[in-house]
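Me: I am new to this structure and would like to go through its interior and its aromatic rings. Could we begin with the core?
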Amino acid sequence: AHTIEYPKGSGINVVLAFESIESCRKFAASLEEQKFVDPTPCQYRLQDLQSFFSSIGVFVQVIPDGVELKPPTQNVPKFGHNPSLYKTKRNLDYVFAMMDDDSDDIGSIDTTITFSTGAWE
């Protein structure tokens, strides 16, 4: 099995599952030539792959015996790359910082309106 982003730049990962161990070895050798990280063919039951990956929202694409794929010319330098991850983390940190550690609820909102003199006079 090998994970590939398709379409490129979409953030959608697809797992490639080869029917033929020999096709998988050739694909892994191509990846190794391109300096991908430790491409090692492994055998899994297709049902196990589909069960696991569907639970995390990743599609398994079966590569039939005899089909030779060429790997992409680029690899992702960071695994689990998610461009919005830092923004999401920052937002969650902000929400948790607003919560009082000594309380089970998120506190109350002060709805008191204070009028002051100024431009509204």
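Me: Which residues make up the largest nonpolar core?

Reply: In this predicted model, the largest nonpolar core has seven residues: Leu16, Phe18, Cys24, Phe27, Leu31, Phe36 and Ile63.

Me: And which elements each supply at least two residues of this core?

Reply: Strand 2 (13–18) and helix 1 (21–33) do. Helix 1 gives the most, with three residues.

Me: Is there another core apart from it, and how many residues has it?

Reply: Another core lies apart from it and has six residues, including Ala17, Leu49, Phe53 and Val58.

Me: Back to Phe18, then. What does Phe18 touch?

Reply: Leaving aside residues up to four places away in sequence, Phe18 touches Ser23, Cys24, Phe27, Ile63 and Leu69.

Me: New topic: how many aromatic pairs does the structure hold?

Reply: There are two aromatic pairs. One joins Phe18 and Phe27 and is tilted, with 5.2 Å centre to centre and 45° between the planes.

Me: Are Phe18 and Phe27 buried or exposed?

Reply: Both Phe18 and Phe27 are buried.

Me: What about the pair of Phe52 and Phe53: which kind is that?

Reply: Phe52 and Phe53 form an edge-to-face pair, 5.0 Å centre to centre with 80° between the planes.

Me: Why does Phe53 count as buried?

Reply: Phe53 counts as buried because its relative accessibility is 16%, and buried means under 20%.

Me: And why is Phe52 partly exposed?

Reply: Phe52 counts as partly exposed because its relative accessibility is 47%.

Conventions
Residues numbered from 1 in each chain as written. Predicted model: local features only at pLDDT ≥ 70, side-chain atom pairs only at ≥ 80, totals over all residues. Heavy atoms only, no water. Phe/Tyr/Trp six-rings, centres within 6.5 Å; stacked < 30°, edge-to-face > 60°. Buried < 20%, exposed > 50% of the residue type's maximum accessible area, 1.4 Å probe, protein only. Core = buried A, V, L, I, M, F, W, Y, C linked by side-chain atoms within 4.5 Å. Helix = DSSP H or I, 4+ residues; strand = E, 2+ residues; numbered from the N terminus. Contact = heavy atoms within 4.5 Å.
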